[in-house]
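Guide: Here's the model to look over. Ask away once you've had a spin through it.

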Amino acid sequence: MSNSHLFLKSGFPRAPLQNGLGRYVCQLQRLTLKFCKNNGSSKGMRDFIENHLVDFAKENPGIVVYVKPRRHRTPVLVGEYLNGEREWMSCRNNTQEEITKWIDLLKTQNGNSSSLRLRKMWHTDVPSIQGPWTPFLLRSPDAQNQSYPSEQASKPLDVPQSATEKLLELFKQQQLEGGQELLTKKRAE
């Protein structure tokens, strides 16, 4: 394991207090679109500004939108959040649709939580001796030799037996017991 994670900002996972309990408050406070008026890498940003920016501003009145033209620079999206976080995103050679998707992503986040090294309330010098959990931990070893897709492997593990299946099982047991009784009678004769 590398030590590159030590240089990330650390903190605890957190969400805005009671956001969505009474009403939802969008955490994106300010969106700045930086672009070049004649550079080819800013074409998607210019198309977004010409075609969709007014509609975006009407749909999201709580987000302040700034448009900042810069000469000979790559296009950039800067999102500022209510908690003081800023997220900077390069949009070099992105299309109008890609920029729309990135703006929707910035709108639904609450800061740059992806670059946050998560901390926990407890610490251990010795990790679990049981090892990490995997979906195949409690599976039968027979599952390793099956060819997929398999009808047997796709069934849930904890489905109770149906009444029809129980009756068929009882019928088979009765047939086996009846067959064994016949064998014992024939041997006795």
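Visitor: Which residues does UniProt list for "domain: Ribosomal protein/NADH dehydrogenase"?
Guide: First, the ground rules: this is a predicted model, with local features needing pLDDT of at least 70 and side-chain atom pairs counting only at pLDDT 80 or more, while totals for chains, interfaces and linings use all residues. Residues are numbered from 1 along each chain as its sequence is written, and side-chain values use heavy atoms, with hydrogens and water left out. UniProt positions are in this numbering, feature names are shortened, and annotations may be inferred rather than shown by experiment. The entry is unreviewed, and it gives residues 37–110.

Visitor: How far apart are the end C-alpha atoms of that stretch, residues 37–110?
Guide: Helices (DSSP H or I, at least four residues) and strands (E, at least two) are numbered from the N terminus. Over residues 37–110 the chain is 39% helix and 23% strand. From end to end, C-alpha to C-alpha, the distance is 30 Å.

Visitor: In what order do the elements of the whole protein chain run?
Guide: You'll find 4 helices and 6 strands to place. Read from the N terminus on, they go β-β-α-α-β-β-β-α-β-α.

Visitor: What is the radius of gyration of the protein chain?
Guide: The globule rule (2.2 Å times the number of residues to the power 0.38, with the radius taken over C-alpha atoms) is the yardstick. For 189 residues that rule gives 16 Å, and the chain is well over that, so it is more spread out than a compact globule. Along the principal axes, the C-alpha atoms fill a box of roughly 110 × 45 × 40 Å. The radius itself is 31 Å.

Visitor: What share of the 189 residues counts as buried?
Guide: Buried means under 20% relative accessible area, exposed over 50%, and partly exposed in between, using a 1.4 Å probe and protein chains only. By that yardstick, the buried share of the protein chain is 22%.

Visitor: Which residues of helix α1 are buried?
Guide: The helix spans residues 43–51. Its buried residues are covered by elements including β2 (28–35), α2 (53–59), β3 (64–69), β4 (76–81) and α3 (96–108), where contact means heavy atoms within 4.5 Å. The buried ones are Gly44, Met45, Arg46, Phe48 and Ile49.

Visitor: How far is Glu98 from Phe48 in space?
Guide: Glu98 sits in helix α3 and is partly exposed at 35% relative accessible area. Along the chain, Glu98 and Phe48 are 50 residues apart. Their C-alpha atoms are separated by 9.7 Å.

Visitor: Is His72 buried or exposed?
Guide: His72 isn't a glycine, yet its phi is positive, at about 55 degrees. You'll find His72 in the loop between β3 and β4. With a relative accessible area of 65%, His72 is exposed.

Visitor: What is the phi of Asn93?
Guide: Asn93 lies in the loop between β5 (86–90) and α3. Asn93 is exposed, with 53% relative accessible area. Although Asn93 is not a glycine, its phi is positive, at about 60 degrees.

Visitor: Which residues does Gln29 touch, leaving out those up to four places away in sequence?
Guide: Gln29 belongs to strand β2 and is partly exposed, at 32% relative accessibility. Gln29 and Asn83 are 54 residues apart in sequence, but 9.3 Å apart in space, C-alpha to C-alpha. The residues that Gln29 touches are Gly62, Ile63, Val64, Glu80, Tyr81 and Leu82.
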